[in-house]
Amino acid sequence: MDAIPLALDGYLAAEPEQGDREDSVSWRLTCSTGTDHLVEEAVIPCTTTQPQIAHALLTERQPGDLLRVTGIVTLPDTAGGILQLHVETLEVLWAAPLLDTGEEITAISTTAEADCGRAIEALSEALTGLGQAAPGAGPSIRIHISPAGALGSGLEHCRSVDIVPSLAHRLADYVDTMSCHLDSERPDNVVLDADTLADLADLFDGIDLTDLTNTVLNATRPESRPAVTRAMDDMFGDMPAPEDIDP
């Protein structure tokens, strides 16, 4: 049979299983090509006889962990044989949150899980499109996207997107800009006190809309007055027409 060296990134799909020998372990790795196409995902059977890797898998790792493995792929001699990756090194890229086995875990509703999956699809598709359009050297930064919390049935939503460094800097700038915009908005849970509300009410009650309209339209070029009037109508309600305003 042929042996091929291979390195893979993938999510631990289920609990690792003890092999026939004390230092052997078998597990399944859910891998993606870095695109948003499900048909390009694969579950790779893995095995190892390295004692340290076997111990780590059986005692420290859990489904949902993102792993990087290197080893030798063994191709089967027959069509009914099993393809396996015999792992020689293992690196943990991201550890799924530990489960509290002493408490009952509330299952995520089907609707919430579907919404999460659609959001991941949209984000990965957008990032993939940006990565394809971005100029520069080949991709060197990998972004992993997955549902938060313990992964089980959500493994099919996991995505990996490769981008170039210049695009990573642009994305960082966009996030900073978006954060500044969100911080400038009034939080929904802020409630104005009664005195402030009364002061605001008095202020707006004291505005003479006719005087306001006169002042604005007299400062507006004649050809722009219809558009300004429509804008003020949208803001304050039905305003007097330009021809009804004293010059």
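Begin by selecting Gln84, which in this predicted model has a relative accessibility of 25% and therefore counts as partly exposed, since that class lies between the limits of 20% for buried and 50% for exposed. Gln84 belongs to strand β6, and if residues up to four places away in sequence are set aside, the residues that Gln84 touches are Pro45, Thr47, Ile72, Val73 and Thr74. Add Ile72 to the selection and draw the distance between the two C-alpha atoms, which is 8.3 Å for a pair that stands 12 residues apart along the chain.

Next, move one residue along to Leu85. Which residues does Leu85 touch, leaving out those up to four places away in sequence? They are Leu6, Leu8, Ile44, Pro45, Cys46, Thr47, Val69, Gly71, Ile72 and Val73. Two of these contacts can also be followed through the strand pairing, because DSSP bridges define which strands count as paired: Val73 stands opposite Leu85 in β6, and Leu85 is the bridge partner of Cys46.

Now show the strands around β6 as a cartoon. On one side, β5 and β6 are antiparallel and are joined by 9 bridges. The pairing of β6 with β4 is parallel and rests on 2 bridges, and besides the bridge from Cys46 to Leu85 one can select Thr47, whose partner in β6 is His86. From β4, continue to β3, which runs antiparallel to β4 and is joined to it by 7 bridges; for a landmark in this pairing, pick Val25 together with Thr48, its bridge partner in β4.

With these strands in view, select the largest nonpolar core, which has 16 residues, and among them Leu8, Trp27, Leu29, Cys46, Val69, Leu85 and Val87 touch the most other members. At least two residues of this core come from each of β1 (3-12), β3 (25-31), β4 (42-48), α1 (51-59), β5 (66-74) and β6 (84-94), and the largest share, 4 residues, is supplied by β3. A second core is separate from this one and has 8 residues, including Ile145, Val161, Val164 and Leu171. As a general background to both selections, nonpolar side chains in soluble globular proteins tend to be buried together.

Turn then to helix α1, and colour its residues by accessibility. Its buried residues are Ile53, Ala54, Ala56 and Leu57, and when the helix is viewed down its axis they fall within an arc of 165 degrees, so they line one face. An α-helix has 3.6 residues a turn, so residues three or four places apart point the same way. The cover over the buried residues of α1 includes β3, β4, β5 and β6, whereas Gln52 and Thr59, on the other side of the helix, are exposed.

Two further helices are worth a stop. In α5 (residues 209-218), the buried residues are Thr213, Asn214 and Leu217; they cover an arc of only 100 degrees around the axis, which puts them on the same side of the helix. What is the count of buried residues in α4? It is 0 among the 12 residues of α4, a helix that is hardly covered. For a check on its geometry, draw the distance between the end C-alpha atoms of α4 (residues 194-205): they are 16 Å apart, which agrees with the 16 Å that 12 residues should span at 1.5 Å a residue.

Finally, zoom out to the whole protein chain and colour it by pLDDT. The chain holds 6 helices and 8 strands, in the sequence order β-β-β-β-α-β-β-α-β-β-α-α-α-α, and 26% of its 247 residues count as buried. Of the contacts with a separation of 6 or more, 60% are between residues 24 or more positions apart.

The mean pLDDT of the chain is 76, with 72% of its residues at 70 or more. Over residues 35-39 the pLDDT falls below 50, although the model gives this stretch 9 contacts beyond near neighbours in sequence. Residues 101-108 also have pLDDT under 50, and for them the model has 2 contacts beyond four places in sequence. Where pLDDT is low, the predicted coordinates should not be read in detail.

Methods. Residues are numbered from 1 along each chain as its sequence is written. This is a predicted model: local features need pLDDT of at least 70, side-chain atom pairs count only at pLDDT 80 or more; totals for chains, interfaces and linings use all residues. Side-chain values use heavy atoms; hydrogens and water are left out. A nonpolar core is a set of buried Ala, Val, Leu, Ile, Met, Phe, Trp, Tyr and Cys residues joined through side-chain atoms within 4.5 Å. Buried means under 20% relative accessible area, exposed over 50%, partly exposed in between (1.4 Å probe, protein chains only). Contact means heavy atoms within 4.5 Å. The expected span of a helix is 1.5 Å times one less than its number of residues. The arc is that of the directions from the helix axis to the C-beta atoms. pLDDT is the predictor's confidence in each residue, from 0 to 100.
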